[in-house]
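Me: Please take a close look at one helix in this model and at how its surroundings are put together. A connected account of the packing and of the loops around it would suit me.

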Amino acid sequence: MSEATHSDLGIRATGMNFGIVAARFNETYVDALVDRCRVYIEEAGGTVTVDRVPGSGELPFAASAFARGEFDALIALGLVLKGETDHHNHLAHATGAALQQVAIDSGIPVINGIIVVNNEEEADARTLGSINRGLEFGRAAVEMAHFRKTWMKNHQ
């Protein structure tokens with residue numbers, strides 16, 4: 001399991017608005033992602049709106065709806081746990097591609113925070129444990145919102 005992460009550039013999110021769409025399926029794990037992501041963004045000075053959908057498969061639609069709002073970046077949070085079939089891989093690929101399409105079509109950064117794991121141990125480590133993916137998704141959203149605002153200001 002990779003514990004690699006990107007560095008914190010110390011970017012402030014003051015005056016920025018972030019939307020989090022999160023799955024209710026695997027709720028304990030996703031709640032931890034939401035909490036850790038929200039804390040990072042709010043400590044950086046941003047505001048956060050959270051809404052929930054049934055599962056990770058519904059996140060692209062919810063992100064597309066959120067993209068019509070006044071957000072500087074969006075974060076889609078979910079956790080897909082491997083079962084007896086390879087459904088988790090199909091779901092991961094489909095939602096990842098759809099979330100990228102929402103970002104491209106809307107011009108708003110969308111952070112794919114759908115974690116795909118093989119077992120409960122990996123889920124615990126990435127959401128509740130020392131591998132703080134929620135913080136990483138929040139950090140990525142702040143950085144991309146900053147990139148978008150800076151790039152647009154310098155290229156209009």
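Reply: Helix H4 spans residues 120-127, and its buried residues are Glu122, Ala123, Ala125, Arg126 and Thr127. The model is a predicted one. Four elements receive the buried residues of H4: helix H1 (27-43), strand S3 (73-81), strand S4 (110-117) and helix H5 (133-154). At its N-terminal end H4 is capped by asparagine 119, with a side-chain oxygen 3.2 Å from the backbone nitrogen of glutamate 121.

Of these neighbours, H1 can be described in some detail. Two packed helices are described by the angle between their axes and the distance between the axes. For H1 and H4 the angle is about 15° and the axes are 9 Å apart. H1 is therefore roughly parallel to H4, since an angle under 35 degrees counts as such. The crossing of the pair is left-handed. On the H1 side the contact is made by Tyr29, Ala32, Leu33 and Arg36, and on the H4 side by Glu120, Ala123, Asp124, Arg126 and Thr127. By class, the residues in this contact of H1 with H4 are four nonpolar, one polar and four charged. Ala123, Arg126 and Thr127 thus appear both among the buried residues of H4 and in its contact with H1.

H1 also packs against H5. Their axes come within 7 Å and cross at roughly 40°. H1 is therefore oblique to H5. Here H1 passes H5 in a right-handed crossing. The residues of H1 that take part are Leu33, Arg36, Cys37, Tyr40 and Ile41, and they meet Arg133, Gly134, Leu135, Phe137, Gly138, Arg139 and Val142 in H5. The contact of H1 with H5 has seven nonpolar, two polar and three charged residues. Leu33 and Arg36 of H1 are listed in the contact with H5 and also in the contact with H4.

The loops that adjoin these helices add two more residues. Between H4 and H5 lies the loop that holds isoleucine 131. Isoleucine 131 counts as buried because its relative accessibility is 4%, where the limit is under 20%. Its C-alpha atom is separated by 31 Å from that of serine 106, which is 25 residues away along the chain. Asparagine 26 sits in the loop between strand S1 (17-23) and H1. Its phi is near 55°, a positive value in a residue other than glycine. Asparagine 26 is partly exposed, with a relative accessible area of 22%.

A further pair of residues involves strand S4 by position. Threonine 95 belongs to helix H3 (residues 87-106) and is buried, at 3% relative accessible area. A polar atom of the side chain of threonine 95 lies 2.7 Å from the backbone oxygen of leucine 91. Apart from neighbours within four places in sequence, threonine 95 is in contact with Ser56, Gly57, Pro60 and Ile114. Serine 56 is placed in the loop between strand S2 (47-53) and helix H2 (59-66), and counts as buried at 6% relative accessibility. With the same neighbours left aside, serine 56 is in contact with Ala23, Gly78, Leu79, Val80, Leu91, Thr95 and Ile114. Ile114 is therefore listed for threonine 95 and for serine 56, and its number falls within strand S4 (110-117), against which the buried residues of H4 pack.

Note on methods:
Residues are numbered from 1 along each chain as its sequence is written. This is a predicted model: local features need pLDDT of at least 70, side-chain atom pairs count only at pLDDT 80 or more; totals for chains, interfaces and linings use all residues. Side-chain values use heavy atoms; hydrogens and water are left out. Buried means under 20% relative accessible area, exposed over 50%, partly exposed in between (1.4 Å probe, protein chains only). Contact means heavy atoms within 4.5 Å. A polar contact is a pair of N or O atoms within 3.5 Å; within protein, one must be able to donate a hydrogen and the other to accept it, and residues adjacent in sequence count only if both atoms are side-chain atoms. Axes are lines fitted to C-alpha atoms, for helices over the stretch in contact, and angles run from 0 to 180 degrees between N-to-C directions. Angles under 35 degrees count as roughly parallel, over 145 as roughly antiparallel, 65 to 115 as roughly perpendicular and the rest as oblique. A crossing is left-handed if the near helix is turned anticlockwise from the far one by less than a right angle, and right-handed if clockwise. Ala, Val, Leu, Ile, Met, Phe, Trp, Tyr, Cys and Pro count as nonpolar, Asp, Glu, Lys and Arg as charged, and the others, Gly among them, as polar.
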